[in-house]
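Please open the model in your viewer and keep the selection panel at hand. The tour below moves from one selection to the next and says what is there.

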Amino acid sequence: MKAEKLRAKVFSRRAAIVAGGQAALFAGLGARLYYLQVVQADRYRTLADENRINLRLLAPPRGAITDRFGELLATNVQNYRVVIIREQTGDMAATLARLAKLLAPDSFDAARIRHDAKRRRAFVPITVRENLTWDEVSRLEVNAPNLPGVGIDVGLSRHYPRGAQMAHVLGYVAAVSEADLTDDPVLQLPGFRIGKRGIERRFDARLRGKAGNSQVEVNAFGRVIREIRRQDGQPGARLALTLDAGLQAFTTKRLVRERSAAAVIMNVHNGDVLTMVSSPGFDPNEFSAGISRESWRRLMRNPYSPLSNKVLQGQYPPGSTFKIAVALAALEAGITVGHRVFCRGFIELGDRKFHCWKKGGHGKMNIQSAIRESCDVYFYDIALKIGVDRIAEMSRRLGLGEKYDSDLDGQKAGLIPTRAWKRAVIGSRWQKGETVVAAIGQGYVLSTPLQLAVMTARAVNGGIAVVPRLALRAGAAQPDFPSLGISAAALRIVADAMDQVVNHYLGTARKSRIEDPAMAIGGKTGTSQVRRITMAERAADLHNNKKKRWRDRDHALFVGFAPVTAPQYAVAVVVEHGGGGSKTAAPIASAMLAEAQRRDSARAAETIAAVSSS
Amino acid sequence: MMHGRKSGGQRLMGKLWQVNWTLVLLIGLLASIGFAMLYSAANGNLSPWASRQMAIFAVGLVVMLAIGLVDIRFWLRHAYWPYGLTLAMLAGVEILGKSKGGARRWLDLEIFQLQPSEFVKFTLVLALARYFHRLNFDDIGRPQFLLVPLFLIALPVVLVQRQPDLGTALFMLLGGAAIFFIAGVRLWKFAVVALAIMVAVPVVWPMLKDYQQERVLTFLSPERDPGDKGYQILQSKIALGSGGTFGRGFMKGTQSHLNFLPERQTDFIFTMLAEEFGLFGGLGLLGLYAMLLAYGIAIAMRSTSQFGRLLAMGVTIMVFLYVFINIAMVMGMLPVVGLPLPLISRGGTAMLAVLGGFGLVISVYVHRDARIGRHGEDG
C-alpha cells in the first residue's frame with residue numbers, strides 16, 4: 001500500500017503541475033484576446049470596415065451643350081441594354097435561345113456571354129446587348145415572365161442630335177485612355193466617357209461634373225448587401241456656344257457639294273463664331289457608342305480627311321486673300337493711294353519672270369484697283385518696296401501665323417515667313433523672289449481658314465484685336481480687345497477696296513454680290529497654287545484647272561464681311577482644290593453671309609412681333 | 001448498456017443522485033452557447049446547424065449519463081475494447097474513407113458521417129489509464145514497461161498522420177505524453193525523448209518526400225498558403241479585433257455574417273463569438289471552460305483509484321487540448337489545424353466523443369470511492 005500511496009502522491013503533484021500549466025496557457029489565451037480586442041481593436045475595426053464597405057462612384061450626367069439660342073447640340077440619352085444574371089436565370093442556354101428569338105439572333109454573341117458568365121460571379125449582370133431600340137425594350141418587357149434573370153439596365157450615353165453638322169466643333173466623347181487618367185477617380189469607372197476633341201475636350205472639366213458616391217456593404221464575394229450612405233454628385237454644367245445651329249446646318253448643306261472644304265463665320269466685334277464647318281464630317285454618335293473598327297478604318301482612309309477640322313487645322317497658302325495684309329502693311333509703310341504701278345502681265349527680277357494671273361496685264365493700277373482686280377504685279381511692286389518683314393509684322397497684327405489663346409481646340413499656327421525665320425529654320429538668306437511670291441500669299445505663307453476670318457474681321461472692325469471664341473459669354477462679360485494701332489484711313493482704303501471686289505463691275509467677285517444694300521458684302525478672292533507651274537505647262541496652257549487631277553488643282557478661297565455699311569460678320573471659305581476663288585469660294589461665302597443676315601432680321605422681326613403682341 | 005455490476009448494492013436512483021450535476025449543468029451551458037452561435041452563424045436560423053446540434057446533444061447527454069452510471073470496473077475490465085473498435089474505424093477510414101478537402105477523415109454511415117479520430121482521443125485515454133493502473137509504481141521506472149503504452153499511442157498517430165492530419169497526430173502525441181507524465185514517468189525520460197527528436201529532425205527531414213516536406217512547412221507557417229489558410233487567419237484576427245471590448249452584438253458580426261470569416265460554424269466559431277460578444281464574451285467562455293476543466297481535475301484528484309485518476313485527468317487534458325489549440329489557432333498563435341471547439345462547434349462526432357469522455361469522468365466521480373484491484377476486481 002505504500003507504493004499505492006506514493007503513486008497517488010506523484011499523481012497529485014503532477015496533476016497540479018498540469019493544472020497549473022493549463023491555467024497559465026489559458027491566461028496566455030486571455031492576454032492574446034485582450035491584445036487583439038482592446039489594444040489592437042481600432043486597427044482591426046478599420047480593417048473590418050474596409051472589408052465590408054465598398055465605395056462606389058456614381059457617374060455624374062454630362063452637361064448639355066447648346067447653341068447660342070439654347071438649341072441642344074449635345075445631350076444624354078438613355079441607353080437601354082439587356083443584362084442577364086446567371087444565378088437567377090437557371091438554364092442559361094435556354095434563356096439565351098429565347099432571347100435570340102426576341103432580338104436579332106446575330107446581334108449578340110452567345111459564346112461571349114457564356115464565357116463572361118463563367119468568369120464572373122453568379123450575381124454579376126452580364127451585358128447581352130447594348131443600345132436597344134424602344135421596340136426591342138417593349139418586346140423584352142412583354143416576355144419578361146419567360147426570361148428569368150434577364151433585366152434591362154438604363155445608362156446614359158452621349159447623343160448629338162445634329163450628327164455630323166457639329167462633329168468638328170463639338171468633338172466627341174470616348175473611353176478614357178491611359179494617358180487621360182488624372183486623380184479624378186471617376187475616370188476609373190468602367191464605361192466612363194470623356195471629351196476627346198473639340199468643345200467636349202476643351203470644356204471637359206466643366207461638362208463632366210463631380211462624381212457622387214455610394215457606400216455599400218458587401219460580403220466576402222463582393223455582393224452588395226445594402227447601401228449605407230449615398231452622396232449625390234454634381235451633374236456637369238450646361239454650356240452654351242456662340243454657334244447658330246441653323247446657320248451651321250445651312251453651311252453644312254452648302255459645303256457638302258464640294259469634296260473637301262471649310263468655312264467659318266465670326267462676329268467681327270466680339271469674336272463669336274457663328275458657324276464653323278469642315279466638310280466632309282463624321283457622325284460623333286458613332287464614337288459615343290464605341291466606334292466599330294470598320295467605321296474607324298473608313299474614316300481614316302477617306303482622302304478628304306473627315307476627322308480633322310480644316311477650319312482650325314487646314315493650313316493653306318492664302319493666295320490673294322493675303323493681299324489685305326500686304327496692302328495694310330504698305331499703307332502703314334507710306335505707300336499711298338497715289339502710288340501707281342503699270343501691270344503688263346509680269347515683272348522681271350534678275351533672270352526670273354513673275355507673272356500676273358491676267359495674261360495681258362491690268363494696265364495702270366493703284367492700291368484699290370489692285371485689290372479689286374487682284375493685280376499680282378502691283379503687289380509684287382509694293383512688296384519689294386516695303387520688304388517681307390513689314391508684311392510679316394502686319395500679318396501678325398492681323399492674327400496670321402499664330403494660335404489664339406481661346407477655346408478653339410486643336411488650332412494650327414500656320415506660317416508667316418520673315419528673314420530671321422528663314423535664316424533660323426531653312427538656314428539661308430532671304431531672296432527677293434521670295435518676297436514677290438509672299439506678296440500674293442504663296443511660297444512659305446500658310447494660314448488656316450480661321451486665321452483668314454480673323455484677319456478680315458480685324459481689317460473691318462476698326463482695327464481691334466478680336467479673338468474668336470466658341471463659348472458664349474452672357475451680357476456684361478464681353479471682352480475688351482486692344483486696338484492694333486492701324487490708321488483708320490488705311491483701314492478705310494482697304495475696306496472700300498474689298499467692297500469694290502464684290503460690288504464694282506470690275507471686281508473679281510462681282511457675281512457673288514448681294515443686291516440688297518443693307519446686306520451687301522465685301523471681300524477678297526484667293527486662288528492658291530498647290531504646286532509650282534512649270535514653264536512648259538504655262539506655255540501649253542496645261543495649268544488650266546479643269547484639266548488637272550483634283551489633287552493638283554488650285555485651292556479656292558474667299559474672305560469677306562457684311563454688311564458693308566456696318567460690318568458685323570467676317571467669313572472665310574476654303575474649298576480644297578476647288579479651282580478659282582471667285583468661281584467656287586465666293587458664292588459659298590456670299591450665301592453664308594446672306595443667310596446669317598437673313599436670320600438676324602428674321603429674329604428681329606420675331607422679337608418685335610413678340611414684344612408688340614404681349 | 002447496463003451490464004455493469006452494481007457495487008455495494010447501490011441502486012440506479014442512488015447512482016443518479018451521485019452524478020455530479022453541476023458538471024452536467026456546465027456542459028449544458030456550454031452546449032447552449034454553441035446552439036446560440038450556430039443560430040447566429042445561420043443568420044438567425046435554427047437550420048441547418050443549431051437544430052441538428054441540439055438533437056445530437058440530446059442523444060449525447062443520454063449516452064454520457066449512461067456511460068457515467070456504468071460501474072467503473074466495467075470500464076477498467078473492458079478498457080481495450082473501445083480502443084480497438086475506434087482504431088479499427090480509423091483503419092477503415094484508410095480503406096473506405098470519404099475525402100473532404102483533400103483529406104480522408106470521415107466514415108460515411110449514411111445517416112451521418114463519422115470522424116473516428118475524435119473518438120480515438122478518448123479511447124486512447126481509457127486504454128492508457130487501464131495500462132498504467134495495472135502497472136506497479138516501480139515498473140513505471142523500467143523502460144521496457146513503457147513500450148506497450150508507446151505502441152498504444154503510436155498506432156492511431158500513424159493512422160491519423162496518413163490521412164493526412166498532422167494536427168490530430170500531434171494532438172494525440174501531446175495528450176499521450178501528458179498521460180505518461182501524470183502516470184509518473186520520470187522527467188529525464190521526457191528529456192531524452194525531446195533530445196532524440198531534436199537530433200532526429202535534421203536526419204529525417206531530407207529523407208521525406210517533397211510533398212511531405214511541403215505539408216509540414218504549410219502546417220507550420222500558413223503564410224506559405226496565403227490563398228487559403230493565411231487568409232483565414234487574417235480574417236479571423238480582423239473579426240476578433242473588430243469585436244472590441246463589448247462586441248458588435250448578437251448576430252451583428254460583420255466579418256461573420258458577410259462571409260469574410262471562413263468556417264464560422266466549425267473551427268472558427270470562437271472568433272464569431274468573440275466578434276459578437278467582445279472581450280467579455282471571449283473571457284466568459286474561457287472562464288466556463290476553466291471551470292469545466294477544474295471540475296475534471298478535482299474529480300481526478302478525489303478519485304481513490306489510479307485508473308479513475310488517470311481517466312478523469314486524461315479526459316480533462318484532451319478537452320483542454322481541444323480548447324487551447326482551437327482558440328490559440330483562431331487567434332493566430334498556432335498553425336491552422338482542423339480542430340473544433342468542444343461542445344460548441346458544429347459537428348456530431350466531436351460532440352459525441354467529448355460527451356462520452358465526460359461520461360467516463362462522471363463514472364469516475366460516481367464510483368470515486370470504489371476500491372479497484374490491479375485487474376478490476378473489487379479491492
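Begin by selecting Arg7(A), which is buried, with a relative accessible area of 6%. In this predicted model, Arg7(A) belongs to helix α1 (residues 2-39) of chain A, and a polar contact of 3.2 Å joins its side chain to that of Glu4(A). Now show chain B as well: leaving aside residues up to four places away in sequence, Arg7(A) touches Phe132(B), His133(B), Leu135(B), Phe137(B) and Gln306(B). While chain B is displayed, you may colour by confidence, since its mean pLDDT is 88 and 92% of its residues reach 70 or more; for the complex, the predictor gives an ipTM of 0.93 and a pTM of 0.68.

Next, select the cysteines. The structure holds 0 disulfides over all chains, and Cys356(A) is accordingly in none, the nearest cysteine sulfur, that of Cys343(A), being 4.0 Å away. Cys356(A) counts as buried at 5% relative accessibility. Why does Cys375(A) form no bond with Cys343(A)? The sulfur of Cys343(A) is the closest cysteine sulfur to that of Cys375(A), but at 3.7 Å it is too far for a bond. Cys375(A) is also buried, with a relative accessible area of 0%.

Finally, select helix α23 (residues 581-613) of chain A, whose 33 residues reach 46 Å from the first C-alpha to the last, close to the 48 Å expected at 1.5 Å a residue. Among the buried residues of α23(A) are Gly581(A), Ile588(A), Met592(A), Leu593(A) and Glu595(A). To see what surrounds them, add α10 (245-255), β11 (261-267), β12 (273-279), β17 (522-528), β18 (555-562) and β19 (569-575) of chain A, against which the buried residues of α23(A) pack.

Key
Residues are numbered from 1 along each chain as its sequence is written. Chains are lettered from A and ligands numbered from 1 in the order in which they are written. This is a predicted model: local features need pLDDT of at least 70, side-chain atom pairs count only at pLDDT 80 or more; totals for chains, interfaces and linings use all residues. Side-chain values use heavy atoms; hydrogens and water are left out. Helices (H or I, at least four residues) and strands (E, at least two) are DSSP runs, numbered from the N terminus. The expected span of a helix is 1.5 Å times one less than its number of residues. Buried means under 20% relative accessible area, exposed over 50%, partly exposed in between (1.4 Å probe, protein chains only). Contact means heavy atoms within 4.5 Å. A polar contact is a pair of N or O atoms within 3.5 Å; within protein, one must be able to donate a hydrogen and the other to accept it, and residues adjacent in sequence count only if both atoms are side-chain atoms. pLDDT is the predictor's confidence in each residue, from 0 to 100. A disulfide is a pair of cysteine sulfur atoms within 2.5 Å.
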